[in-house]
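Subject: The structure, and some notes to go with it

Hello,

Here is the structure I promised to pass on to you. Please open it beside this message, and my notes will follow below.

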Amino acid sequence: MGEDRGKYDFYIGLGLAVSSSIFIGGSFILKKKGLLRLARKGAMRAGQGGHAYLKEWLWWAGLLSMGAGEAANFAAYAFAPATLVTPLGALSVLVSAVLSSYFLTERLNLHGKLGCLLSILGSTTMVIHAPQEEEISSLDHMAEKLVDPAFLSFAIVVIIVALIFIFVVGPRHGQSNILVYITICSVIGSLSVSCVKGLGIAIKEAIAGKNVVGNPLAWILLLGLLACVSTQINYLNKALDIFNTSLVTPIYYVFFTTSVLSCSAILFKEWGHMGAGDVIGTLSGFLTIIVGIFLLHAFKDVSVSLSSLAVSMRKDERPAANGVASHYELLHNESTEDMEDREMGLPFDSVSRRNGAMTSSLDH
């Protein structure tokens with residue numbers, strides 16, 4: 001019964017994670033459409049500190065879509081380990097890239113399509129080899145994990161990095177460097193996932209009839225989640241307003257996934273129970289995702305398609321064919337000249353074709 005229940009929870013978490021990616025991928029498009037409409041109206045842009053997007057219904061539709069996706073993601077973390085749920089976020093990259101090519105006129109070339117495919121393949125590999133986290137059955141057990149020195153050190157480093165980027169790096173380079181705002185969202189996101197996991201356990205305990213309201217940890221996790229999510233939304237809006245959606249989405253995925261996997265490994269001690277094959281498979285899957293993300297955005301301005309490749313190949317074949325013909329004609333002419341020399345009765349003459357000169361053996 002326990003094994004069947006575990007499989008049941010696994011498929012529930014998997015389905016919720018996939019639906020979450022669809023909602024979140026669509027939310028990027030809706031938000032970007034709303035921000036573009038405001039820019040055409042001349043309103044102060046979100047990247048410059050404006051908040052006119054709060055009056056745009058498309059932006060609110062995107063926010064609701066993201067809320068639905070985050071809710072599904074929230075529930076997925078309650079049923080499945082973070083190392084299963086988080087890599088499936090690559091699906092949101094695919095959804096966002098495909099929809100942006102149709103609704104935002106952001107062209108998705110052949111490299112981008114291959115990048116999306118590699119992201120999906122890498123995510124699948126990571127899911128297959130994902131480490132199994134330790135079972136946490138109660139908030140008391142979660143509290144023991146949260147006060148572990150390794151996790152406390154990780155959380156302190158994350159908070160310090162986030163504060164430095166928010167107050168020092170952001171005002172100077174946030175408008176020109178795409179990594180600034182995305183880094184803030186990603187490192188804070190690792191803590192939000194930990195809060196989500198704890199709240200999922202609290203909800204399970206509440207359903208089982210335990211008194212969760214009186215537990216201070218549940219409220220700490222809730223407040224921590226609200227603070228993390230609000231920070232992520234703020235800086236993600238700035239990144240979306242300034243930079244191309246097809247760039248923001250994949251880079252955010254890579255950074256966010258790296259942060260969450262690191263946090264999950266430290267908090268739940270997952271990697272200690274993995275075999276060598278699973279370690280190699282997990283790292284290979286993640287590197288495949290990174291390559292896919294690189295293809296998706298590094299060559300986005302290059303107009304490459306299957307039809308253009310076919311035309312290019314045909315153009316390359318023509319010079320090659322002409323070169324073969326010319327070479328054949330040259331050899332034919334040389335052979336004809338040799339035959340003519342022989343017919344003219346020059347048996348003691350040697351022809352040097354290498355240096356273009358004719359020498360006679362009688363000269364020596």
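Of the 364 residues in the protein chain, 43% are buried (buried means under 20% relative accessible area, exposed over 50%, and partly exposed in between, with a 1.4 Å probe and protein chains only). Before you read on, please note that this is a predicted model, where local features need pLDDT of at least 70 and side-chain atom pairs count only at pLDDT 80 or more, while totals for chains, interfaces and linings use all residues. Residues are numbered from 1 along each chain as its sequence is written, and side-chain values use heavy atoms, with hydrogens and water left out.

**Overall layout**

The protein chain has 12 helices and two strands; these are DSSP runs numbered from the N terminus (helices are H or I with at least four residues, strands are E with at least two). Read from the N terminus, the order is α-α-α-α-α-α-α-α-α-α-α-α-β-β.

The UniProt record, an unreviewed entry, annotates "transmembrane region" at residues 12-30, 57-79, 85-105, 150-171, 178-204, 216-235, 247-268 and 280-299. UniProt positions are given in the numbering used here, feature names are shortened, and annotations may be inferred rather than shown by experiment. Two of these spans can be set beside the model. Residues 12-30 are 100% helix and 0% strand, with end C-alpha atoms 27 Å apart. For residues 85-105 the figures are 71% helix and 0% strand, with 30 Å between the end C-alpha atoms.

**Helices H2 to H5**

Helix H2 (residues 57-79) has 23 residues and reaches 33 Å from its first C-alpha to its last, close to the 33 Å expected at 1.5 Å a residue (the expected span is 1.5 Å times one less than the number of residues). Its buried residues include Leu58, Trp59, Gly62, Asn73 and Tyr77. Alanine 71, also in H2, is partly exposed at 44% relative accessibility. Its C-alpha lies 10.0 Å from that of phenylalanine 23, although the two are 48 residues apart along the chain.

Helix H3 covers residues 82-85 and contains threonine 83. Threonine 83 is buried, at 4% relative accessibility. The C-alpha atoms of threonine 83 and threonine 257 are separated by 9.0 Å, with their positions 174 residues apart along the chain.

In helix H4 (residues 90-103), the 14 residues should span 20 Å at 1.5 Å a residue, and the end C-alpha atoms are indeed 20 Å apart. Ala90, Ser92, Val93, Val95, Ser96, Ala97 and Ser100 are buried there. Just after H4, threonine 105 adopts a positive phi of about 50°.

Helix H5 (residues 110-128) has 19 residues and reaches 27 Å from first C-alpha to last, close to the expected 27 Å. Among its buried residues are Gly112, Gly115, Cys116, Gly122 and Met126.

**Helices H7 to H9**

Helix H7 (residues 149-173) holds isoleucine 164, which is partly exposed at 41% relative accessible area. Isoleucine 164 belongs to a nonpolar surface patch together with Ile156, Ile159, Ile160, Leu163, Phe167 and Val168, and the patch has about 650 Å² of accessible area. Accessible areas come from the Shrake-Rupley method with a 1.4 Å probe; for residues, only the protein chains shown count as cover. Patches are made of residues with over 30% relative accessible area and no salt bridge (a side-chain nitrogen of Lys or Arg within 4 Å of a carboxyl oxygen of Asp or Glu), joining like charges within 9 Å and nonpolar side chains (Val, Leu, Ile, Met, Phe, Trp, Tyr) within 5 Å.

The structure holds two aromatic pairs. One of them is tyrosine 181 with tyrosine 235, tilted, at 5.7 Å centre to centre and 40° between the planes. Tyrosine 181 sits in helix H8 (residues 178-207) and tyrosine 235 in helix H9 (residues 216-242), so the pair ties together parts that are 54 residues apart in sequence. Rings of Phe, Tyr and Trp (its six-membered ring) pair if their centres lie within 6.5 Å; planes under 30 degrees apart count as stacked, over 60 as edge-to-face and the rest as tilted. Tyrosine 181 is buried at 5% relative accessible area, and tyrosine 235 is buried at 11%.

H9 also contains leucine 226, which is exposed at 52% relative accessible area. Leucine 226 and serine 192 are 34 residues apart in sequence, and 8.4 Å apart in space from C-alpha to C-alpha.

Best wishes
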